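Subject: Handover of a structure and its findings

Dear colleague,

Please find below the structure that I am handing over to you. After it, I set out what was found, beginning with a term that you will need.

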Amino acid sequence: MVKHVFIYSNDTEFSLPIKEKIRAFFSNSSSLEEDAVLTQDTDLIICIGGDGTLLHLIHELNFPETPIVGVNTGHLGFFQDLQPTEVEDFLKRWIQSGQHVQLYSTIQSQIWTGDKMTTLYGLNEMVIRGRTGSVIHLGVSIGSSFIEHFSGDGLLVSTPAGSTAYNYSLGGSIVDPRLELLQVTPIAPMNNNSYRSFTSSLILPSDYTLRMEPEEPHSFVQIETDGFVYPFQNVKTIRISYSKKKLRCIRILGHDFWKKVKDKYLG
């Protein structure tokens, strides 16, 4: 049976030769066909680039259900499992037997502005901010319980997959992606005689919802998800929770998350 592959690549000098090399492999194989666009018949997405390229892919293609394998031509490469020299061997093995697929949970943010509700999705995180350079004041509830009047630069809500990204640079914890939880990390929280905010991350079960309400009328709120920025006016309520969308990434034999953490951060 012929398998269908969709290739997604950035346009750097490191990625384009890999893309052409993969296409040359296709021309010599009767088992593979390249899809011009992603369809229901596509068996595999090959993403060439860094983690940023993969994030562009999933947002552009609306979190596809097709399994993805990443070829790392970027820097950290947490999602990109293959090195360029491993691509041909991987494709040969994949044609014969397939590979292990790891599921990654995603989160959603529902933003109410008056009577309108907008939903955004993220793989790594959601970031809630005010205007650039301004403090944001939020009433924060977890489930049905009011928790705090937050004041600071913003709040970041990360998935386990996103715990090694912006969350980690803010002092949040690294979380094994096999766990299901949400991590809420404050960004420059204020603590003085006028304002009191949590200064460390909060860990929530995956079935909980985080609710935030701006405490200023006609509030401007900026939502950032995986590096994509969305401004909103007159925000009433923001709810962040787990999403039903799942990302499927192929993992090669010997993949170990904690070894990757050690190699990427400790050398």
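Strands are DSSP runs of E with at least two residues, numbered from the N terminus. Please bear in mind throughout that this is a predicted model.

With that term in hand, we may turn to the enclosed spaces. The structure holds 2 cavities of 30 Å³ or more.

The second largest cavity makes use of the definition above. Its volume is about 50 Å³. Two strands, β9 (145-158) and β10 (181-189), each supply at least two residues of its lining. Strand β9 gives the most to this lining, with 3 residues. The residues that line the second largest cavity are Val140, Glu148, Phe150, Leu155, Val184, Pro186, Phe198, Ser200, Leu202 and Leu210. By class, 8 of them are nonpolar, 1 is polar and 1 is charged.

The largest cavity has a volume of about 90 Å³. Among the residues that line the largest cavity are Phe78, Phe79, Tyr104, Pro160 and Ala161, as well as Arg251, His255, Phe257 and Lys260. Its lining divides into 7 nonpolar, 2 polar and 2 charged residues.

The pockets come next. About 230 Å³ of space lies in the largest pocket. Its lining consists of 14 residues, and Asp81, Ile252, His255, Lys260 and Asp263 are the ones that lie nearest its centre. Two of these names, His255 and Lys260, also appear in the lining of the largest cavity. Helix α5, which covers residues 257-265, gives the most to the lining of the largest pocket, with 4 residues. Sorted by class, this lining has 2 nonpolar, 6 polar and 6 charged residues.

The second largest pocket has a volume of about 170 Å³. It is likewise lined by 14 residues, and those nearest its centre are Gly130, Val135, Glu216, Ser219 and Phe220. The lining of the second largest pocket is made up of 6 nonpolar, 5 polar and 3 charged residues.

Two single residues also deserve your attention.

The first is threonine 225, which is placed in strand β13 (residues 221-225). Is threonine 225 buried or exposed? A residue counts as buried when its relative accessible area is under 20%. Threonine 225 has a relative accessibility of 1%, and it therefore counts as buried. Its side chain reaches the backbone oxygen of tyrosine 121 at 2.9 Å. Leaving aside residues up to four places away in sequence, threonine 225 touches His59, Tyr121, Gly122, Glu125, Met126 and Tyr230.

The second is isoleucine 238, which lies in strand β15 (residues 237-251). Its relative accessibility is 0%, so isoleucine 238 counts as buried. Which residues does isoleucine 238 touch, not counting residues up to four places away in sequence? They are Ser109, Gln110, Ile111, Ile128, Leu210, Arg211, Met212, Val221 and Ile223. One of them, Leu210, also lines the second largest cavity. In addition, the C-alpha atoms of isoleucine 238 and glutamate 213 are separated by 6.4 Å, while these two residues are 25 residues apart along the chain.

I suggest that you locate each of these residues in the structure as you read.

Yours sincerely,
A colleague

How values were computed: Residues numbered from 1 in each chain as written. Predicted model: local features only at pLDDT ≥ 70, side-chain atom pairs only at ≥ 80, totals over all residues. Heavy atoms only, no water. 1 Å grid on protein atoms, 1.4 Å probe; cavity = no way out; pocket = protein on both sides within 12 Å on 5 of 7 lines; lining within 4 Å. Points joined across faces, edges and corners; volume = space filled by probe spheres on them. Nonpolar A, V, L, I, M, F, W, Y, C, P; charged D, E, K, R; others polar. Buried < 20%, exposed > 50% of the residue type's maximum accessible area, 1.4 Å probe, protein only. Polar contact = N/O pair within 3.5 Å; in protein donor to acceptor, adjacent residues only side chain to side chain. Contact = heavy atoms within 4.5 Å.
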